[in-house]
Amino acid sequence: MKNNKSSNKPIFNDTYEIIKSIGEGNSSKVYLARKIMDHSRLVAIKVLKEQFLRQDPSAILSVQNEIVILKSLNHPGIINLIEYGDQGVVKKPSGTVLSNLVFIVMEYVGNGLLFDTCQLLGICGEEKARFFMK
């Protein structure tokens with residue numbers, strides 16, 4: 001297995017090489033990563049921000065609900081949950097280690113967000129929505 005010393009990219013949980021940041025919001029930052037043992041397998045790693053989790057008790061509940069919902073869904077039109085936890089570790093090329101990260105790893109699907117497509121199309125209606133959910 002490739003270790004962090006030979007990589008110029010951060011390594012997440014000794015399993016994924018972080019390629020780049022692909023999004024950020026109030027609650028989390030999302031990274032594009034690839035599996036170290038299978039570079040063809042791309043994933044999205046959502047790392048929850050510590051300040052979001054500490055802001056109020058409902059923040060943790062919302063993350064738990066997101067995980068429960070993702071675990072229960074099984075549809076080809078919905079991104080699959082790969083793993084999650086609260087002991088995530090990032091090893092940076094500089095040697096800095098970030099630990100105890102709350103994270104969700106999901107399959108990566110390119111071409112942007114469904115939300116952005118809906119915003120672009122405007123009111124979509126049931127017929128157009130079916131096109132995306134096939």
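This short presentation describes a barrel, a pocket and one loop residue in the structure shown above.

Good morning, colleagues. Please keep in mind that this is a predicted model.

I shall begin with the barrel. Six strands close into it, in the order 1-2-3-4-6-5, and their pairing is antiparallel. Within that order, strand 4 and strand 6 are joined over five bridges, again in the antiparallel sense. To locate this pairing on the screen, please find I45, whose bridge partner in strand 6 is V105.

I turn next to the second largest pocket, which holds about 430 Å³ of space. Its lining comprises 19 residues, and those closest to the centre of the pocket are Y31, V47, L48, L98 and L101. Which elements give two or more residues to this lining? They are strand 2 (16-24), strand 3 (28-35), strand 4 (38-48), helix 1 (50-55) and strand 6 (97-107). Strand 6 gives the most, with five residues. Strand 6 is therefore an element to follow in both parts of this talk, as it pairs with strand 4 in the barrel and also lines the pocket. By class, the lining of the second largest pocket has 10 nonpolar, three polar and six charged residues.

Finally, I come to the loop. D56 lies between helix 1 and helix 2 (57-72). Is D56 buried, partly exposed or exposed? D56 is partly exposed, because its relative accessible area is 30%, a value between the limits of 20% and 50%. The side chain of D56 also makes a polar contact of 2.2 Å with the side chain of S58.

Thank you for your attention.

Conventions: Residues numbered from 1 in each chain as written. Predicted model: local features only at pLDDT ≥ 70, side-chain atom pairs only at ≥ 80, totals over all residues. Heavy atoms only, no water. 1 Å grid on protein atoms, 1.4 Å probe; cavity = no way out; pocket = protein on both sides within 12 Å on 5 of 7 lines; lining within 4 Å. Points joined across faces, edges and corners; volume = space filled by probe spheres on them. Helix = DSSP H or I, 4+ residues; strand = E, 2+ residues; numbered from the N terminus. Nonpolar A, V, L, I, M, F, W, Y, C, P; charged D, E, K, R; others polar. Pairing = 2+ DSSP bridges. Buried < 20%, exposed > 50% of the residue type's maximum accessible area, 1.4 Å probe, protein only. Polar contact = N/O pair within 3.5 Å; in protein donor to acceptor, adjacent residues only side chain to side chain.
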